[in-house]
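Here are my notes on the model you sent over, set out as numbered points. Have the coordinates open while you read, since each point sends you to a particular spot.

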Amino acid sequence: MAAAAAATTTQMDNTRSLSSISSTSSLLFTRTNEFYKIQNRVKFKSPRALSIRATSSDSVVTLLDYGAGNVRSVRNAIRHLGFGIKDVQTPEDILNANRLIFPGVGAFAAAMDVLNKTGMAEALCAYIEKDHPFLGICLGLQLLFQSSEENGPVNGLGLIPGVVGRFDSSNGFRVPQIGWNALQITKDSEILDDVGDHHVYFVHSYRAMPSNDNKEWVSSTCNYGDNFIASVRRGNVHAVQFHPEKSGDVGLSVLRRFLHPKTNIPKKPTEGKALKLAKRVIACLDVRANDKGDLVVTKGDQYDVREHTKENEVRNLGKPVELARQYYKEGADEISFLNITGFRDFPLGDLPMLQVLRLTSENVFVPLTVGGGIRDFTDANGRHYSSLEVASEYFRSGADKISIGSDAVYAAEDYLKTGVKTGKSSLEQISRVYGNQAVVVSIDPRRVYITHPNDVEFKAVRVTDLGPNGEEYAWYQCTVNGGREGRPIGAYELAKAVEDLGAGEILLNCIDCDGQGKGFDMDLIKLISDAVSIPVIASSGAGAVEHFSDVFRKTNASAALAAGIFHRKEVPIQSVKEHLYKEGIEVRI
């Protein structure tokens, strides 16, 4: 297969894995024993020679990457801006850095444990106290504070007064915060000069709060239930809670101003309209191999992806990497890839979807989600891989979130039967290692009409559109294997269960509405978005810009996803955004 060959020949372009760092820093990032097993089993060629492209020290950034989550995007953003990368291998590398970026991902306690064991904590404090250029991202900001309540209390680096606490979900705000929010800039920070009234991308469950003790540090705040610290600055030391590498052109400007502090970069005029957390518009690309073996973007009609012609070919709507770049330029808030082929004959390092992610993440600086095939499997060589190993390689290849489907259904069924969290399901393992904000559960239900809500043991609702025999109620039966097999569990019950098991977000499809272009299933989306405290993405059925405003006005959906109408250019992404803005719905412009 052409895609397989491409994946093999570009193996050297992999992100640096833990196998490429020295024995001193091989301790970097261990959240659980499972992560060690992954690093020991999945070996990759080291591209260290490719990490530093510039000979001048002024053109090199030192990067503290401790192996957790998607740091590839930070690397790509740095290279996109013309800088080479030197990876931290010893504490001395921190002390000798001209400029240091710390893109923290994962749990506070695990990160501090790593930093303390490797001597990195002491080196970081010394580096920052000397006012050397530093940029912390996300957890890289939180670790600067005195302590965190996450699995704690746990002591931090203690450079900034304050305690990092969890968002309060009791006031109706969904936790984690996932999406594009506005900043309130409180003092000149230099690196935020181009942000103005634009949105930036956040994904986190914990935050630090401003106080009299830390006010000299705070350069901006953000409101999500409360005003929390969005960025800090003192001298040459900066840190941001949001992800600049995932905040589009605005985020790249933050990195550019940190990397070029002495360059007279003219301040761009403020053109944004950001006021609060925006509703997200997500472009979805269903990716599979066609009958010739080429990877294509397709789209189903109630999950049927083949043309109704004599040839019965797989519907081909374009190439995945090219379409992803196009949608990024058009203003998509996220890109979601769904691998609907399986690729079970490939060794893990050569999965074609990994190559799609690697190439996409080089030029697409918004969040990337990948789903399909996140489960245990054995390849053609007899090598067994756990779902955690599969997810880990997706993250290293550029994914910010992974989406789990059938495996989550089975895990939820077991959990509801026993009431016990075994910790063995893919959902539990991945969320434990990478955090629940990195795990999306995709639910694929279909309506089952009934006469009375008490006719079934599952949660039923009164439906807007009556059934074929005039039924006024329906329950939503969950399916697996691409909608081909129904399971004895409802969408409501599944959503509640997977939230308990560690999901950070729900992608809510509807087989009945898929490809119909008549609008989202409002009854289903309202049922689920009212039932859980994590974000819900509405999917299936969008056919007009009005369908997006309807779902945001009538339900508590945090985002809306579409595929076919974007691929066929029936409704441009920008038209959706403009319509939502005119309707008074907060969006990223």
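1. Let's start with helix α4. Its buried residues are R72, S73, V74, R75, N76, A77 and I78. That is 7 of the 9 residues in a helix that spans 72-80, so α4 counts as mostly covered, taking buried as under 20% relative accessible area. Bear in mind throughout that this is a predicted model.

2. What sits over α4? The cover on its buried residues includes three strands, β1 (60-63), β2 (84-87) and β3 (100-104), along with the helices α9 (248-259), α11 (352-361) and α12 (387-396). Just past the end of α4, have a look at G82, which takes a positive phi of about 90°.

3. One of those covering helices, α11, is mostly covered in its own right, with 9 of its 10 residues buried. The buried set runs P352, M353, L354, Q355, V356, L357, R358, T360 and S361.

4. Another helix over α4 is α9, and F258 is the residue to click on there. Is F258 buried or exposed? F258 is buried, at a relative accessible area of 4%. Setting aside neighbours within four places in sequence, F258 touches R99, L100, I101, P133, F134, L135, I191, N236 and H238. Take H238 from that list: F258 and H238 are 20 residues apart in sequence, and their C-alpha atoms are 8.4 Å apart.

5. Now for the overall picture. The chain has 589 residues, and 62% of them are buried. There are 19 helices and 29 strands to find your way through. Of the contacts between residues at least 6 apart in sequence, 71% join residues at least 24 apart. The accessible surface comes to about 22700 Å², and carbon and sulfur atoms account for 46% of that.

6. On to helix pairs. A packed pair is described by the angle between the two axes and the distance between them. Helix α13 (residues 406-418) packs on helix α15 (residues 491-501) at about 90°, with 9 Å between the axes. The two are therefore roughly perpendicular to each other.

7. Which residues of α13 and α15 meet? From α13 come A408, V409, A411, A412, Y415 and L416, and from α15 come E493, L494, A497, V498, D500 and L501. Sorted by class, the contact of α13 with α15 has 10 nonpolar residues, no polar ones and 2 charged ones. When you look at the spacing within each helix, remember that an α-helix has 3.6 residues a turn, so residues three or four places apart point the same way.

8. The other pair on my list is α16 (residues 522-531) with α17 (residues 545-554). Their axes come within 10 Å and cross at roughly 40°, and the crossing is right-handed. M522, I525 and K526 in α16 meet H547, D550, V551 and K554 in α17. By class, that contact has 3 nonpolar, 1 polar and 3 charged residues.

9. Two prolines deserve a check of the backbone. The peptide bond between G152 and P153 is cis, with omega about 25°; P153 is in the loop between β5 (145-148) and β6 (154-155). V175 and P176 are also joined by a cis peptide bond, here with omega about 10°. P176 lies in the loop that links β7 (160-166) and β8 (177-182).

10. Lastly, please look at two positive phi values at residues that are not glycine. C138 has phi of about 60° and lies in strand β4 (residues 134-138). S540 has phi of about 85° and is found in the loop between β28 (536-538) and α17. Are these two buried or exposed? C138 has a relative accessible area of 9%, so it is buried. S540 is buried too, with a relative accessible area of 8%.

Definitions and conventions:
Residues numbered from 1 in each chain as written. Predicted model: local features only at pLDDT ≥ 70, side-chain atom pairs only at ≥ 80, totals over all residues. Heavy atoms only, no water. Helix = DSSP H or I, 4+ residues; strand = E, 2+ residues; numbered from the N terminus. Buried < 20%, exposed > 50% of the residue type's maximum accessible area, 1.4 Å probe, protein only. Contact = heavy atoms within 4.5 Å. Areas by Shrake-Rupley, 256 points an atom, 1.4 Å probe, with all protein chains shown as cover. Axes fitted to C-alpha atoms, helices over the stretch in contact; angles between N-to-C directions. Parallel < 35°, antiparallel > 145°, perpendicular 65-115°, else oblique. Nonpolar A, V, L, I, M, F, W, Y, C, P; charged D, E, K, R; others polar. Left-handed = near helix turned anticlockwise from the far one by under 90°.
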